[in-house]
Amino acid sequence: RQWLERPGYPVLEWRQQYDERRKRLTVTVKQTQSGEPFALPLVFSARDGQNRETLRSQPLRMEQAEQTFTLRLRQRPARVVLDPATTLLMKATEIR
């Protein structure tokens with residue numbers, strides 16, 4: 001509904017970090033479009049070296065211009081995918 005009531009769409013920059021000792025994946029997401037941040041249900045998918053999904057988060061609510069999400073994960077992912085089902089109208093770039 002938000003996209004119908006105002007111009008534009010979410011533009012995201014995100015980065016991930018895995019803490020080997022704590023077995024936690026931290027993903028920081030920043031909305032960089034002009035105007036107020038959109039409220040977004042974000043889903044993250046962690047993948048192994050064969051691109052098999054090892055974790056899919058429940059939708060996590062993003063309501064601020066920048067938020068950090070922490071997920072428990074037994075091993076370092078080979079890859080993390082934001083919005084694996086491609087359900088959101090947005091532009092997302094991973095910052096490495």
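Me: In the hairpin of S1 and S2, which residue takes a positive phi?

Reply: Look between the two strands. This is a predicted model. The S1–S2 hairpin has four residues between its strands, and Lys 23 takes a positive phi near 55 degrees.

Me: In which sense do strand S1 and strand S2 pair, and over how many bridges?

Reply: Read direction, then count bridges. S1 covers residues 11–19 and S2 covers residues 24–31. They pair in the antiparallel sense, over eight bridges.

Me: Which residues in S2 stand opposite Trp 14 and Gln 16?

Reply: Follow the pairs across the ladder. Trp 14 faces Val 29 in S2. Gln 16 stands opposite Val 27 in S2.

Me: What about S2 and S7: in which sense do they pair?

Reply: Antiparallel, over seven bridges. One of the facing pairs is Leu 25 and Leu 71, the latter in S7.

Me: What is the strand order in the open sheet of four strands?

Reply: Read across the sheet, edge to edge. The order is S7-S2-S1-S9, and the pairing is mixed. Strand S7 (66–72) and strand S9 (91–94) each have a single partner strand, so each edge strand has one side without a neighbour in the sheet. On average, neighbouring strands are turned by 25 degrees against each other, direction ignored.

Me: Along S2, which side chains are buried and which are not?

Reply: Check the faces in turn. Side chains alternate along S2. Leu 25, Val 27, Val 29 and Gln 31 point to one face and are buried. Arg 24, Thr 26, Thr 28 and Lys 30 point to the other face and are not buried.

Me: Which residues touch the most other members of the largest nonpolar core?

Reply: Start with the general idea. In soluble globular proteins, nonpolar side chains tend to be buried together. Here the largest nonpolar core has 19 residues. Leu 12, Leu 25, Val 29, Leu 42, Phe 44 and Leu 82 touch the most other members. Elements giving two or more residues to this core are S1, S2, strand S3 (40–42), strand S4 (44–47), S7 and strand S8 (79–82).

Me: Leaving aside neighbours within four places in sequence, what is Leu 82 in contact with?

Reply: Its contacts beyond those neighbours are Leu 12, Trp 14, Leu 42, Val 43, Phe 44, Met 90 and Ala 92.

Me: And Thr 54: where is its place?

Reply: Locate the strand, then check exposure. Thr 54 lies in strand S5 (residues 53–56). Its relative accessible area is 42%, so Thr 54 is partly exposed. Leaving aside neighbours within four places in sequence, Thr 54 is in contact with Ala 46, Arg 47, Asp 48 and Leu 73. Thr 54 and Leu 73 are 19 residues apart in sequence, and 8.5 Å apart in space, C-alpha to C-alpha.

Note on methods:
Residues are numbered from 1 along each chain as its sequence is written. This is a predicted model: local features need pLDDT of at least 70, side-chain atom pairs count only at pLDDT 80 or more; totals for chains, interfaces and linings use all residues. Side-chain values use heavy atoms; hydrogens and water are left out. Two strands pair if DSSP finds at least two bridges between them. Axes are lines fitted to C-alpha atoms, for helices over the stretch in contact, and angles run from 0 to 180 degrees between N-to-C directions. Buried means under 20% relative accessible area, exposed over 50%, partly exposed in between (1.4 Å probe, protein chains only). Contact means heavy atoms within 4.5 Å. A nonpolar core is a set of buried Ala, Val, Leu, Ile, Met, Phe, Trp, Tyr and Cys residues joined through side-chain atoms within 4.5 Å.
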